[in-house]
Amino acid sequence: MRILALDQSSFCGWCHGIPGAAAGAGSMSNVGAPIYGTHRLPASLSGSRRAKALFRFVRDLAEANEVTRIYFEEPIIPKVTSFQAVYGLMGLATAIGWAADELGIPCFPVRQQTWRSEFGMPTQAPRKIKDKAERRQWMKQQSLNRCRAIGLDPADDNAADAIGIWWAMSERQLLKDRQTEMAFDFTKNIAL
């Protein structure tokens, strides 16, 4: 199974790999070292063209790497926002879903708090940091720090977030696989 994780935005972080492959240097788990990066969507594109560009990128990346499952960060929709903002956020999420559907790959959104918690990092900045931009920057740095702690060195926070999503979902898959292996097979122990 090869998992692809995406942190979609104008600078789309991506990460793919096989859970349980040979662990990378400094790894704190048995999750194998993934391949990761950031794909820049052209700022000059309209919302629908940007979504279409992401669709093509995700489809081609997933197909070329024989991805079998896709996870992406569930968009956070602010209570007060514009139609354009919602259109952009949901358009990118929809594009990922369309790419997965075209390839017949299961695709799932993951809440930001969920993957951050499962990746072993804080889910929000300390309350003492009041400025919104500072809080955001603090969280970006936590993602980068966590990646470096496990032996990975992403170029930016977009790739770091994609690594976090991939890591959390890979750990879930490995746990599920271990539980399945440990399940007792009653058919082998029946005395006839």
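In this predicted model, E73 stands opposite V110 of strand β5, and I70 is likewise set opposite C107 in β5. These residue pairs belong to the pairing of strand β4, residues 69-73, with strand β5, residues 107-110, which runs in the parallel sense over four bridges. Between the two strands the chain passes through helix α2, residues 83-103, and the resulting β-α-β crossover from β4 to β5 is right-handed.

The pair of strands is part of an open sheet of five strands, ordered β3-β2-β1-β4-β5, in which the pairing is mixed. At the edges stand β3, residues 35-40, and β5, and because each has a single partner strand, one side of each is left without a neighbour in the sheet. Direction ignored, neighbouring strands of this sheet are turned against each other by 20 degrees on average. Helix α2 packs on the sheet, where it touches β1 (residues 3-7), β4 and β5, and the direction of α2 makes about 180 degrees with that of β4.

Several of these parts return in the description of the largest pocket, which has a volume of about 1200 Å³. Its lining comprises 32 residues, and those that lie nearest the centre of the pocket are E73, I76, Q112, R116 and R136; E73 is thus the residue already met opposite V110 in β5. Two or more lining residues come from each of the helical elements α1 (47-64), α2, α3 (112-118), α4 (132-149) and α5 (157-182), and α2 gives the most, with six residues. In character, the residues of the lining divide into 10 nonpolar, 11 polar and 11 charged. Helix α2 therefore links the parts of this account, since the helix of the right-handed crossover between β4 and β5 also gives the most residues to the lining of the largest pocket.

Technical notes. Residues are numbered from 1 along each chain as its sequence is written. This is a predicted model: local features need pLDDT of at least 70, side-chain atom pairs count only at pLDDT 80 or more; totals for chains, interfaces and linings use all residues. Side-chain values use heavy atoms; hydrogens and water are left out. Two strands pair if DSSP finds at least two bridges between them. A crossover is right-handed if, with the strands pointing away from the viewer, the path from the first strand over the helix to the second runs clockwise. On a 1 Å grid over the protein atoms alone, a cavity is a set of points where a 1.4 Å probe fits but cannot get out, and a pocket is an open set with protein on both sides within 12 Å along at least five of seven lines; lining residues have an atom within 4 Å of a point. Grid points are joined across faces, edges and corners, and a volume is the space filled by probe spheres set on the points. Ala, Val, Leu, Ile, Met, Phe, Trp, Tyr, Cys and Pro count as nonpolar, Asp, Glu, Lys and Arg as charged, and the others, Gly among them, as polar. Axes are lines fitted to C-alpha atoms, for helices over the stretch in contact, and angles run from 0 to 180 degrees between N-to-C directions. Contact means heavy atoms within 4.5 Å.
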